[in-house]
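Biologist: I'm new to this one, so could you walk me through a few spots?
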Amino acid sequence: GLDTDFFSPAPELLTTHYSLLTPSTVLFVGGLDKAHHFKGLSILLQALVRSDPSVRLSIIGEGDERPAFERQVNELGLTARVTFQGRVTREALRDAYRTALVLAFPSTNAAEAFGLVALEAQACGLPVIASCLPGVRTVVRDGETGILVTPGSVEELAEAMDRIRRDKEKYGILAKNARERAVEVYSFAKHIDKLQGIYQAL
């Protein structure tokens with residue numbers, strides 16, 4: 001379950017979200033350590049090289065692999081386009097979801113069993129570009145609340161980032177659907193109702 005009252009779109013962004021996003025900011029949220037290597041940040045950085053130069057990447061997360069990722073950013077010539085935010089407060093995380101163009105969730109294997117950050121993002125009205133993995137597919141609906149790509153595919157990830165940036169009409173549909181599905185399926189209220197139903201059935 002998710003607190004969809006807290007993780008929600010900012011009122012002023014409900015109808016004008018897309019027009020406020022200049023330059024286009026892709027958001028990544030995840031641990032920057034060996035235990036979370038499957039999160040696919042390295043793949044995302046390679047895809048950023050192939051995306052439109054106006055696209056920026058904001059990275060939220062911390063870990064002992066951060067220096068290695070910072071070196072990769074420098075080697076790829078992305079220093080001006082990538083920002084490492086480190087650890088942030090819950091409120092700052094919500095604000096990042098609210099003001100980004102899209103969340104990138106490029107996990108590389110089935111170690112990604114669900115995807116809480118993808119759910120938090122969608123509750124804030126943020127579409128998600130994610131890897132097509134069994135657990136992730138339960139959270140992100142391809143063409144409905146986001147875009148699913150082949151795990152590890154730099155080309156598909158780059159193309160998806162540019163596609164979601166170009167098609168404003170489709171973007172609005174994805175953002176609306178993302179919020180609605182998060183509330184309808186994953187809100188605390190829905191989970192409590194289901195739990196009460198189980199108790200009553202017993």
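A few questions and answers about this predicted model follow.

Biologist: Is Ser187 buried or exposed?

Modeller: Let's start with where to look: Ser187 sits in the loop between α7 (168-186) and α8 (188-201). Its relative accessible area is 7%. The cut-off for buried is under 20%, so Ser187 is buried.

Biologist: Which backbone oxygen does the side chain of Ser187 reach?

Modeller: Leaving out residues up to four places away in sequence, Ser187 touches Leu2, Thr4 and Ala182. The backbone oxygen you're after is 3.0 Å from the side chain of Ser187, and it belongs to Val183.

Biologist: How does Ile192 count: buried, partly exposed or exposed?

Modeller: Ile192 is in helix α8, and its relative accessibility is 47%. Partly exposed lies between 20% and 50%, so Ile192 counts as partly exposed.

Biologist: What separates the C-alpha atoms of Ile192 and Glu62?

Modeller: Along the chain, Ile192 and Glu62 are 130 residues apart. In space, their C-alpha atoms are separated by 33 Å.

Biologist: What is the area of the nonpolar surface patch that includes Leu195?

Modeller: Leu195 is also in helix α8, and at 41% relative accessibility it counts as partly exposed. Together with Ile198, Tyr199 and Leu202, Leu195 makes a nonpolar surface patch of about 500 Å².

Biologist: And the inside: how many residues are in the largest nonpolar core?

Modeller: Leu41 is one of the members that touch the most others there. Not counting residues up to four places away in sequence, Leu41 touches Phe28, Leu32, Leu57, Ile59 and Phe69. The number of residues in that core is 60.

How values were computed: Residues are numbered from 1 along each chain as its sequence is written. This is a predicted model: local features need pLDDT of at least 70, side-chain atom pairs count only at pLDDT 80 or more; totals for chains, interfaces and linings use all residues. Side-chain values use heavy atoms; hydrogens and water are left out. A nonpolar core is a set of buried Ala, Val, Leu, Ile, Met, Phe, Trp, Tyr and Cys residues joined through side-chain atoms within 4.5 Å. Buried means under 20% relative accessible area, exposed over 50%, partly exposed in between (1.4 Å probe, protein chains only). Contact means heavy atoms within 4.5 Å. Helices (H or I, at least four residues) and strands (E, at least two) are DSSP runs, numbered from the N terminus. A polar contact is a pair of N or O atoms within 3.5 Å; within protein, one must be able to donate a hydrogen and the other to accept it, and residues adjacent in sequence count only if both atoms are side-chain atoms. Patches are made of residues with over 30% relative accessible area and no salt bridge: like charges are joined within 9 Å, nonpolar side chains (Val, Leu, Ile, Met, Phe, Trp, Tyr) within 5 Å. Accessible areas come from the Shrake-Rupley method with a 1.4 Å probe; for residues, only the protein chains shown count as cover. A salt bridge is a side-chain nitrogen of Lys or Arg within 4 Å of a carboxyl oxygen of Asp or Glu.
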